[in-house]
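Hi everyone, thanks for coming. Let me put the sequence and the structure up on the screen, and then we can walk through them together.

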Amino acid sequence: MSRTVALVGLMGAGKSTVGRRLADKLGREFYDSDSEIEKAAGLSITDIFALHGEEDFRRGEQQVLKRLLEQPPHVLATGGGAYLNAETRELMRDNAVTIWLNADLETLWRRVQKRDTRPLLRRPDAKDVLTSLLAEREPIYSQADLVVPSKDGPHINTVNAIYKAL
Ligand code: S3P
């Protein structure tokens, strides 16, 4: 596989953990679009949303992804909303193999509760929000080149499933 491998999917799908381990296995560089946005802005994702709003965050996300997709083949974990932007999606399709890490609602919910770093879920009805996001986004994520289940259990199983599928 000589192209960049871009992981897409909802918050809690395991993109960052799986991506980092996959990059190790492939001997490739690993990038995480959320971390790159934070570095570029000098602010956490939470602070970017709070101080500048989601729209500005999305603009920054698009710019960062454009820059990352120009890098030599690597493994890229994208933020859960990145693939929803039509322009970014096209760019990813042209420059990477896209993989949807498909996890069910309960698995996603269990995992996102471990970290309080997602502004979209910092509210009392977070599980309903996650449920709606999953329903809205599933048809878009499913346009990825490959769909790999991200099951409950060790992420290494998902890493191996991707490795075999590539
Ligand atoms: C978002 C997902 C987050 C982060 C931001 C918005 C989304 O990334 O980009 O909070 O819209 O789904 P992760 O999917 O890495 O949590």
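Here is a warm-up for you: is Ser16 buried, partly exposed or exposed? Keep in mind as you look that this is a predicted model. Ser16 turns out to be partly exposed, because its relative accessible area is 27%, and the cut-offs are under 20% for buried and over 50% for exposed. To find Ser16 on the screen, go to helix 1. If we set aside the neighbours within four places in sequence, Ser16 is in contact with Phe30, Asp32 and Ala77. For a sense of scale, the C-alpha atoms of Ser16 and Asp94 are separated by 22 Å, with their positions 78 residues apart along the chain.

Let's stay on helix 1 for a moment, since Asp24 lies there too. Asp24 counts as exposed, because its relative accessibility is 63% and the cut-off for exposed is over 50%. In sequence, Asp24 and Val75 are 51 residues apart, while in space their C-alpha atoms are 9.3 Å apart.

Now, the empty spaces. As a general idea, rolling a probe the size of a water molecule over the atoms shows where empty space is left. What is the volume of the largest pocket? The value comes out at about 680 Å³. This pocket is lined by 33 residues, and the closest to its centre are Ser16, Asp34, Arg115, Thr117 and Arg118. So our friend from the warm-up is back: Ser16 is in that central group, as well as being partly exposed with a relative accessible area of 27%.

Which helices supply at least two residues each of this lining? They are helix 1, covering 15–26, helix 2, covering 33–41, helix 3, covering 45–52, and helix 4, covering 54–69. The largest share comes from helix 1, with four residues. Sorted by class, the lining of the largest pocket has 13 polar, 12 charged and eight nonpolar residues.

The model also has a cavity, and the count comes to one of 30 Å³ or more. The largest cavity has a volume of about 30 Å³. Its lining consists of Leu10, Ala13, Trp100, Leu101, Asn102, Ala103, Leu108, Leu134 and Tyr141. Two elements, strand 4 and helix 7, give two or more residues to that lining. Strand 4 gives the most, three residues. How do the cavity's lining residues divide by class? Eight are nonpolar, one is polar and none is charged. Put that beside the pocket, whose lining has 12 charged residues.

Since helix 7 has come up, let's follow it along. Helix 7 bends by about 30° at Ala135, and within four residues after that comes a proline, Pro139. Several residues of this helix are buried, namely Ala126, Val129, Leu130, Leu133, Leu134, Arg137 and Tyr141. Two of those names, Leu134 and Tyr141, you have just heard in the lining of the largest cavity. What do the buried residues of helix 7 pack against? Their partners are strand 1 (4–8), helix 4, strand 4 (96–102) and helix 6 (105–112).

Helix 4 deserves a closer look as well. Glu61 sits in helix 4, and Glu61 is buried because its relative accessibility is 3%, where buried means under 20%. Not counting residues up to four places away in sequence, Glu61 touches Ile37, Gly79, Gly81 and Ala82. Gln62 is also found in helix 4. With a relative accessible area of 18%, Gln62 still counts as buried. Beyond its neighbours within four places in sequence, Gln62 is in contact with Asn85, Glu87 and Thr88. Gln62 and Leu91 are 29 residues apart in sequence, and their C-alpha atoms are 9.9 Å apart in space.

My last stop is Asp145. Where is Asp145 placed? Look at the loop between helix 7 (126–141) and strand 5 (146–149). Asp145 is partly exposed, with a relative accessible area of 45%. Leaving out the neighbours within four places in sequence, Asp145 is in contact with Ala96, Val97 and Thr98. Its side chain reaches the backbone nitrogen of Thr98 at 2.8 Å. Finally, Asp145 and Arg3 are 142 residues apart along the chain, and their C-alpha atoms are separated by 12 Å.

That's my tour. Thanks for listening!

Methods. Residues are numbered from 1 along each chain as its sequence is written. This is a predicted model: local features need pLDDT of at least 70, side-chain atom pairs count only at pLDDT 80 or more; totals for chains, interfaces and linings use all residues. Side-chain values use heavy atoms; hydrogens and water are left out. On a 1 Å grid over the protein atoms alone, a cavity is a set of points where a 1.4 Å probe fits but cannot get out, and a pocket is an open set with protein on both sides within 12 Å along at least five of seven lines; lining residues have an atom within 4 Å of a point. Grid points are joined across faces, edges and corners, and a volume is the space filled by probe spheres set on the points. Ala, Val, Leu, Ile, Met, Phe, Trp, Tyr, Cys and Pro count as nonpolar, Asp, Glu, Lys and Arg as charged, and the others, Gly among them, as polar. Buried means under 20% relative accessible area, exposed over 50%, partly exposed in between (1.4 Å probe, protein chains only). Contact means heavy atoms within 4.5 Å. A polar contact is a pair of N or O atoms within 3.5 Å; within protein, one must be able to donate a hydrogen and the other to accept it, and residues adjacent in sequence count only if both atoms are side-chain atoms. The bend at a residue is the angle between axes fitted to the seven residues ending there and the seven starting there.
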